[in-house]
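Work through the exercises below with the sequence and the model at hand. Each task is followed by a stepwise solution.

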Amino acid sequence: MPDRDVLHSDINCCYAQIECQARPELRGKPVVVGGDEEARHGIVLAKNLIAKRAGVKTAMALWEARKACPGLVVVPPDYRLYMDVSRRAREIYYDYTDRVEPFGPDEAWLDVTGTRRCLGLSPAEIAREVSERMVAELGISVSVGVSWNKIFAKFGSDYKKPDAVTVITRENYREVVWQAPVRDLLYVGPATERKLHSSGIDTIGQLACASDELLRNRLGKMGFVLRGFARGQDATEVKPYDRDAADVMREIKSYGNGLTAPRDICDPQSAKAYVWMLAESVAQRMREGRARARTVSVGARAADDLCTRSRQCKLPVATDVTLEVARAAWGLLRELEPLDASHPLRGIHVRASDLEPADADLQASLFDPLPRRTEMRELDASVDDLRRRYGNKCVVWGAQLVDEGAASVDAKADNTVHPVSFFHS
Amino acid sequence: MHGIESRKKTYVEAVVDIDPDGRQRPLAIYWGDGRCFVVDRVLESRRAASMKVGGHGIRYTVEICGRTKHLWHSDDGRWYVEEIVPGNAGAL
């Protein structure tokens, strides 16, 4: 089978670059896009090159960033602007191929295997044209990697920044990729890097040549996957993007929603308010996705040690009813944590998984804890309709009104779905 | 000696012709002081970013009073120009 032509395009310092392009008065200054400090989301979401050189890192607390870089300019995020630029970037990509797989708002893979026949452009020429158009039409720079597989294409876009095109071929990959630290390979994080280092593997080339026995002992099945990545053997396809669903065409495995509370949660009423709000967002998104869930899980992040503990339960009947998801989540949270001032919570997460289609046959239970299921589903449908017309905050559950913080948050609208794992089929 | 000039984004009222296919052509713009500047010719239209005042959209290169100017139609529907802000005359 002939090699594919795969590009990976990465918008450099995405949010910060978009802000600096939109506001020329920021140029030449160290800039970060930072979360809301008052709502305790005060971390660095993105930094520009000047801030990066001063030692500012993404996810750093803003007070730390200001200490590292006096004169730092902090701007609040404008997600609508970033999503608009991200969409415009994809429209440029679509001029070259219909096989575009976004990986977050700032990255995308493009399969341009068939494009040479149509446009008469080589992959490297396409990469350069994309790069030039991003500057000319959107005022932002990208780094683009070109190779025969997604892993090396992503390596290429990380290899030289900003505003660069890196081509990795079968002739040069040993020289370019194999000399690089193993941490530069996609899906090698700090923990895997430490395990590999303890086995004497520090470069991608050494990983590519590692024995079956070593990989099995140190990393299990994942070791073989990573070795395949290192050898350029990844054959995963560039998944097409469904513009109507605003998502890559893949099967959704779960619906989750979590938040960090503006103030630590120290009493059951506030905890219940947040659980109800999150459960409702999850249930509403399930209904929109035409899915039901058999499993509900809850995660609670403690305010003192910031550790997250979680529990899950299997429901007797798959559901998309808000009340059922909320009650299950609330029951799990009460079992998990004492809810009082001695055990304050910083954040809560609710997830529904083990999905099935909403129109699948339902096996009713003799001991159905919610006999009025039909009425509850009709209530949910009415509430969904009101919210579609008047916004998510026009109707709220009474439990939410107990806590001022919970009443003011729109969990569904503010929910950001982060890039799904590379391994999610 | 000329003063150092900068540019600022100035939104303008625009008179636009829209054809049956939805293509837009600016015909005139109104300045903040009420003056009307007729667009003599549209030389080019293309998607572009404004590096001088920020933002992006469809950039129209037009002829107004014999001079070539840029007029932007941003994605939020507004029209703007890169207004020249003169510096102090004689400033070093």
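**Exercise 1.** Find the residues in contact with A:Glu107, leaving aside neighbours within four places in sequence.

Solution. Contact means heavy atoms within 4.5 Å. With that cut-off, A:Glu107 touches A:His8, A:Ser9, A:Asp10, A:Glu101, A:Pro102 and A:Lys154. Next, place the residue: A:Glu107 is in strand β6 (residues 107-111) of chain A, strands being DSSP runs of E of at least two residues, and helices runs of H or I of at least four, numbered from the N terminus. Finally, consult the record: an unreviewed UniProt entry lists A:Glu107 under "active site", and such annotations may be inferred rather than shown by experiment.

This is a predicted model, in which local features need pLDDT of at least 70 and side-chain atom pairs pLDDT 80 or more, while totals for chains, interfaces and linings use all residues. Residues are numbered from 1 along each chain as its sequence is written, chains are lettered from A and ligands numbered from 1 in the order written, and side-chain values use heavy atoms, without hydrogens and water.

**Exercise 2.** Is A:Glu107 buried or exposed?

Solution. Buried means under 20% relative accessible area, exposed over 50%, partly exposed in between (1.4 Å probe, protein chains only). A:Glu107 has 13% relative accessibility and therefore counts as buried.

**Exercise 3.** Which salt bridge links chain B and chain A?

Solution. The criterion is a side-chain nitrogen of Lys or Arg within 4 Å of a carboxyl oxygen of Asp or Glu. The count between the two chains is one. B:Asp75 pairs with A:Arg88, their closest N and O atoms being 3.0 Å apart.
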